[in-house]
Structures are given as C-alpha cells and as structure tokens.
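Subject: Structure handover

Hi,

Here is the structure I said I would pass on. Have a look at it first, and my notes on what turned up are below.

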Amino acid sequence: PVTPPADKPAEVVAVQPKAEPPKPELRTEPKAEAKPDPAQPSFPGFTTGGSYIPNPDAKSPPPSEPARVDRLRMAAPPAPKKSAPTTGMMAPPHQPSLSPPPPDTAQYEQVAPNPVVRTLEQPVSTFSLDVDTASYANIRRFLRTGRKPPKDAVRVEELVNYFPYDYPAPADKIEPFQATATVMPTPWNPETRLLHIGVKGYDVDRTHRPRLNLVFLIDVSGSMGPQDRLPLLKQALHLLVDQLKDDDSVGIVTYAGRSGILLEPTRGNQRQKILDAIDSLGAGGSTAGAAGLEAAYRLAQTHFDNEAVNRIILGTDGDFNVGISDTHQLEQVIAEKRKTGIYLSIIGVGDSNYNDRLMQTLAQKGNGTASYMDSLMEARKIFVDNMQALFPIADDVKVQVEFNPAQVAEYRLIGYETRML
C-alpha cells in the first residue's frame, strides 16, 4: 500500500479590480440640482442599522455589471438642497461602532496527527477506547456561528463516535464487547485500504439497571452566568432527574470562591426537593475547582454503595482560577480519587473561555467521559437518549490491533492521538 499524500487545500483568491477615482470636473456654469434617480436600486434586504436580510425576490445583476454589495451602503438619498457656502472642513460621515468580541481564552490540547508506521518495525497498534463526544458538539457550535474550529478542537474518533451504529451486539454481559471489521478502498487514495473497526458494548437494560448514586458538582462561578452555561446546565439536570428511579440518589455540591454542599444525597422519590435545589443555583465569584472536586469526592465516598453506580457529574466551563489550577496537579488528585471506584463525568459548557484541555484531562484520569453541551437538544442526547453511558460495563478498556507485515507494509491510526499507549 502507498501512503496517501497529505491533503493540501486549494487556495482560491478572488481579486476585484480597483475602480479608478473620478477626475475632478471644472464648471463655469452653475451646477443644476441633482434629482433622485427613480431607477437607483434601493438595496432590498438592508435595514437602517446596516444589517442584511436576504430578499428572495432580488435578482442578480446582468453579466455585464459586476455584482457588488457594500454591507453598510444604503439606498442613495436625494441630493441636498443648495445652501450658502461655509468655511472649514466637512465632518466625516458617521461610522457605526462595533463592540469588540470578548477575548478568546479557550484552551485545547496541542497534538500532532498520528504518523505512518512501518509494520515490520511496529506491527501492533495499542490505544485506549474513547467514547467521548465533546469534540463533535463543540465543532458544530463553531460551524453554526460561521466560524472555523481550531484544529486542536478536532478529534476524529469523537466525531465518529457521536453517532449510533447498528453493529452486532453481544448476547450477554459475560462477553461485554463484540468487534466488527470492514476493509474498503480509501476514498482519498485508491492505492491504499481503509480498515474500519467497530466495537459494540453490552447495552444495560434500563428496567433492570443498577441503582444510581450521583453527586452533581456544579460550577457557580461568575463565568457561568450566561444563558448557555449555568441556566442551560440547570435545564439539563432537570432532564436527568426526570429519568431517576425512586431508589436512585442525588447530592449537589457547588463551588465558586469556596465549595459547599447544597443538597445531601436525596432519594429519587423526592424529585421536587432535588429540582428545587437545582433551581436555586446562581452564578457569582471566582472558581475554586479543585476544592469543589475534593468536596464532591468526600460526599460520594461517605455515601458509597457497592451495589450502585457511584458517579460524580461535573458541570463547568473549566475556568479554574482559584486553588489547584495546574493541570498536572489536578491529574494527580483525580488519579488518586479514581481508586475509590467513583466515576467522573464531565459536562462542558461555554464559549470563549471553554477549557477543553482540562475537561479531557479530568475525564481520562477520572475513569469517566467528557461531553460538550451547547443546547437543550444536546442535553437531551446526553441525559435521556444516551443515559446508558452512565452505567459502565468495563474499566480501562484498551485495544490492540496487530498487522501482518506480509500483507500490510505500513499503517496509520486515524484519531486517538490523546489515547495512544
């Protein structure tokens, strides 16, 4: 097989000729007053504020006239009436003031794509499974607002794993996984082959699922105030509470300048008490994230149940700015806590200050998953449609793929850069 060349996007440069400025014209006769031209286009679709609303009835200009739309240009006003000449310089036309966007402090792990590997030198490829979906939802947010996502925000395996697939499922939980392999021509290079491996896990029956012992760890710092952060997170938690059984339990820990227990573990048959506690959440203060994590683990450990799924669900934009904010220190804290058998799920929210790098670190070190939530639709996908993700069927799952050097000269793993072993 021949390694496909690196894709090189074609560059298209549109060049518009610059119009020559009109030469000044000298007149000895008094200039007649200009009249508005009834044929002058009124630029349908432009509002007085300068914004553009597409007009379905607008026609394209004839080919002989280049199509050009000036965003802030209005319909030509009638010529002003003559007035007595004045001295001095004319004030420049009013320019609308555009508020600068907030500074973008979002953080992503910088990783290089996996290299091509010679099979004779390294026939086995080893990596940890990744069931996170945060990258897909985050990229979708960028595209919906007409922005190009940062390259480090793209994790191919999370784009693929965002969707459900009709792979053959294991018959029971004794063998919790079933693999499916497909070989096909590579779409971008017919001289190579694309190996697609699908792994289907055992689906826990919701009617006979184990009890949930949850602790909601909620970031209520000042950065969580916008509607797409804490208010959205509160709506999402409402959806999750609606899925609880009577014997499930929920505790709530909040953190900002300092952490505190908002709700002691409460049974699912007291839904209104849980919902009232969620509704009381409000944003304000700095972010002492590490202190909140330690408080949540203490609460979960105090009420630990060997027969239940013990899990912390952290909702945050990841803007930890008080206490332990160093990523490596947080890794050590979470790595120690995972030994207690308590899982950690990360629900990321936010935009310009979203700390994707930290969210990934916490999820990987905490034996958990990372999701990104940008809408109520995504909240429903996380907490209703994919609720089975709260119930683990195996821990520390790793995959090894071994290639035969007699059949495969070289290979490259697509994605999983942060999961390589």
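A good place to start is just past helix 1, where Gly146 follows with a positive phi, near 75 degrees. Keep in mind as you read that this is a predicted model.

Helix 1 itself is worth a look. Eight of its eleven residues are buried, so the helix is largely enclosed by the rest of the structure. The buried ones are Ala134, Ser135, Ala137, Asn138, Ile139, Arg140, Arg141 and Phe142. Their cover includes helix 2 (156-161), helix 7 (356-365), strand 10 and helix 8.

Helix 8 has its own buried set: Glu378, Ala379, Lys381, Ile382, Phe383 and Val384. Helix 1 (134-144) is among the elements covering those residues, and so are helix 3, strand 8, strand 9 (343-348) and strand 10 (369-372).

For the wider picture, the protein has eight helices and twelve strands. It runs to 421 residues, and 36% of them are buried. If you take contacts between residues at least 6 apart in sequence, 77% join residues at least 24 apart. The accessible surface comes to about 26,300 Å², with carbon and sulfur atoms accounting for 55% of that.

Now the inside. The largest nonpolar core holds 37 residues, and the members touching the most others are Phe216, Ile218, Ile278 and Met373. Two or more residues each come from strand 5 (211-219), helix 3 (230-242), strand 6 (249-255), helix 4 (271-279), strand 8 (308-316) and helix 8 (376-385). Helix 3 contributes the most, with eight residues. If you want one residue to click on, try Phe216: beyond its neighbours within four places in sequence, its contacts are Leu237, Leu240, Val241, Val250, Gly251, Ile252, Val253, Ile278 and Ile313. Apart from this core lies another one of 29 residues, including Tyr297, Ile312, Tyr354 and Met359.

On to charges. Searching the whole structure gives 17 salt bridges. One of them pairs Asp351 with Arg147, with the closest N and O atoms 3.6 Å apart. Asp351 sits in the loop between strand 9 and helix 7, and Arg147 in the loop between helix 1 and helix 2, so this pair ties together parts 204 residues apart in sequence. Both are partly exposed, Asp351 at a relative accessible area of 25% and Arg147 at 32%.

Another bridge joins Asp248 and Arg209, where the closest N and O atoms are 2.5 Å apart. Asp248 is in the loop between helix 3 and strand 6, while Arg209 is in the loop between strand 4 and strand 5, 39 residues away along the chain. Here both Asp248 and Arg209 are buried.

The end of the chain is also involved. Arg419, in the segment after strand 12 (410-411), is buried with a relative accessible area of 11%. Arg419 is 292 residues from Phe127 in sequence, yet their C-alpha atoms are 5.5 Å apart. Leaving out residues up to four places away in sequence, Arg419 touches Phe127, Ser128, Leu129, Asp130, Asp132 and Gln364.

Last, the surface. Val154, Val156, Val160, Phe163, Tyr165, Trp188 and Ile414 make a nonpolar patch of about 560 Å². Trp188 belongs to the loop between strand 3 (177-186) and strand 4 (189-201), and is partly exposed at a relative accessible area of 43%.

Cheers

Conventions: Residues are numbered from 1 along each chain as its sequence is written. This is a predicted model: local features need pLDDT of at least 70, side-chain atom pairs count only at pLDDT 80 or more; totals for chains, interfaces and linings use all residues. Side-chain values use heavy atoms; hydrogens and water are left out. Patches are made of residues with over 30% relative accessible area and no salt bridge: like charges are joined within 9 Å, nonpolar side chains (Val, Leu, Ile, Met, Phe, Trp, Tyr) within 5 Å. Accessible areas come from the Shrake-Rupley method with a 1.4 Å probe; for residues, only the protein chains shown count as cover. A salt bridge is a side-chain nitrogen of Lys or Arg within 4 Å of a carboxyl oxygen of Asp or Glu. Helices (H or I, at least four residues) and strands (E, at least two) are DSSP runs, numbered from the N terminus. Buried means under 20% relative accessible area, exposed over 50%, partly exposed in between (1.4 Å probe, protein chains only). A nonpolar core is a set of buried Ala, Val, Leu, Ile, Met, Phe, Trp, Tyr and Cys residues joined through side-chain atoms within 4.5 Å. Contact means heavy atoms within 4.5 Å.
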